[in-house]
Every structure is written in C-alpha cells, then in structure tokens.
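Reader: Could you take me through a close look at a single part of this structure, and then show me how the rest gathers around that part? I would be glad of a connected account rather than a list.

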Amino acid sequence: MEPSLQMLQGKSVVELTRLGFTSSELLKASSVFMKIPNQMTMSFALLENRRGEFIQNMLASNLLIPHF
C-alpha cells in the first residue's frame, strides 16, 4: 500500500528539516510539492545522500515561476 499524500507531506517537512534546509527553503519546497506531488515522491525514491542535491536543484529551477 502506498503512503497517503498527507503522510508524504508530513514526512517531507521532517526530511527537509533533517537535511538542514532553512525555513524559507522549506516553504518553497513545500509549495513545489503541493503543486507537483511527483517532485515529492521522487525525492523519497532517491538515495538519502542525493535528496538534498535533488531538492536544491528543484528550488533553483523554474518550478517556482508561476505558469500562466
């Protein structure tokens, strides 16, 4: 059984905090995860030592730019 989206969201906040992301970065990443849930599930599919890099790249990409 796959974890619920709500459970993954809670787990992602814990993981972002554990990885040392700032509050601002945590809020930005959470915003992306809400808009594009596949980004969140992909981050958990990666090996633990690659998650931080994946999230940093995600935050640096254009995923934060609103698309109209």
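Author: On helix 2, the exposed residues Leu-27, Met-34 and Lys-35 sit on the face turned away from the buried side. This is a predicted model, so please read everything below as a description of that prediction. The buried residues of helix 2 are Leu-26, Ala-29, Ser-30, Val-32 and Phe-33. Those five cover an arc of only 160 degrees around the axis, which puts them on the same side of helix 2. The general reason for such a pattern is that an α-helix has 3.6 residues a turn, so residues three or four places apart point the same way.

The length of helix 2 can be checked as well. Its 13 residues should span 18 Å at 1.5 Å a residue, and the end C-alpha atoms are 19 Å apart, which agrees.

What, then, covers the buried residues of helix 2? The cover includes helix 1, helix 3 and helix 4. That brings in the rest of the fold: the protein chain has four helices and zero strands, and along the sequence the pattern reads α-α-α-α. Let us visit these neighbours in turn.

Helix 1 has 14 residues and reaches 20 Å from its first C-alpha to its last, close to the 20 Å expected at 1.5 Å a residue. Its buried residues are Leu-8, Ser-12, Glu-15 and Leu-16. They cover an arc of only 95 degrees around the axis, which places them on the same side of helix 1. Gln-6, Met-7 and Val-14 are exposed, on the face turned away from that buried side. The buried residues of helix 1 pack against helix 2 (23-35), helix 3 (37-45) and helix 4 (48-60). After helix 1 comes Gly-20, with a positive phi near 90 degrees.

One residue of helix 1 may catch your eye: Glu-15, which lies in the run of residues 5-18. Is Glu-15 buried or exposed? With a relative accessible area of 11%, Glu-15 is buried, because that value falls under the 20% cut-off. Leaving out residues up to four places away in sequence, Glu-15 touches Phe-44, Glu-48 and Arg-51. Phe-44 has another partner too: Lys-11 lies over the face of the Phe-44 ring, at 4.7 Å from the ring centre. As for rings paired with rings, the structure holds zero aromatic pairs.

Phe-44 leads us to helix 3, where Gln-39, Met-40, Ser-43 and Phe-44 are buried. These residues cover an arc of only 135 degrees around the axis, which puts them on the same side of helix 3. Asn-38 and Ala-45 are the exposed residues on the face turned away from the buried side of helix 3. Helix 1, helix 2 and helix 4 are among the elements that cover the buried residues of helix 3.

Within helix 3, Met-40 deserves a look of its own. Its relative accessible area is 0%, so Met-40 is buried. Not counting residues up to four places away in sequence, Met-40 touches Leu-5, Leu-8, Gln-9, Ser-12 and Phe-33. Among these contacts, Leu-8 and Ser-12 belong to the buried residues of helix 1, and Phe-33 is one of the buried residues of helix 2, where we began. Met-40 can also be placed relative to Ile-55: the two are 15 residues apart along the chain, and their C-alpha atoms are separated by 9.0 Å.

The last neighbour is helix 4, where Leu-59 is found. Leu-59 is buried, with a relative accessible area of 15%. The C-alpha atoms of Leu-59 and Lys-28 are separated by 7.1 Å, though the two residues are 31 places apart along the chain.

Such long reaches along the sequence show up in the totals too. Of the contacts in the protein chain with a separation of 6 or more, 63% are between residues 24 or more positions apart. In the 68-residue chain, 29% of the residues count as buried. The protein chain exposes about 4900 Å², and carbon and sulfur atoms supply 59% of that area.

To return to your starting point: helix 2 has its buried residues on one side, with helix 1, helix 3 and helix 4 included in their cover, and carries Leu-27, Met-34 and Lys-35 exposed on the face turned away.

Key:
Residues are numbered from 1 along each chain as its sequence is written. This is a predicted model: local features need pLDDT of at least 70, side-chain atom pairs count only at pLDDT 80 or more; totals for chains, interfaces and linings use all residues. Side-chain values use heavy atoms; hydrogens and water are left out. Helices (H or I, at least four residues) and strands (E, at least two) are DSSP runs, numbered from the N terminus. Buried means under 20% relative accessible area, exposed over 50%, partly exposed in between (1.4 Å probe, protein chains only). Contact means heavy atoms within 4.5 Å. Rings of Phe, Tyr and Trp (its six-membered ring) pair if their centres lie within 6.5 Å; planes under 30 degrees apart count as stacked, over 60 as edge-to-face and the rest as tilted. A charge sits over a ring if NZ of Lys or CZ of Arg is within 6 Å of the ring centre and within 35 degrees of the ring normal. Accessible areas come from the Shrake-Rupley method with a 1.4 Å probe; for residues, only the protein chains shown count as cover. The expected span of a helix is 1.5 Å times one less than its number of residues. The arc is that of the directions from the helix axis to the C-beta atoms.
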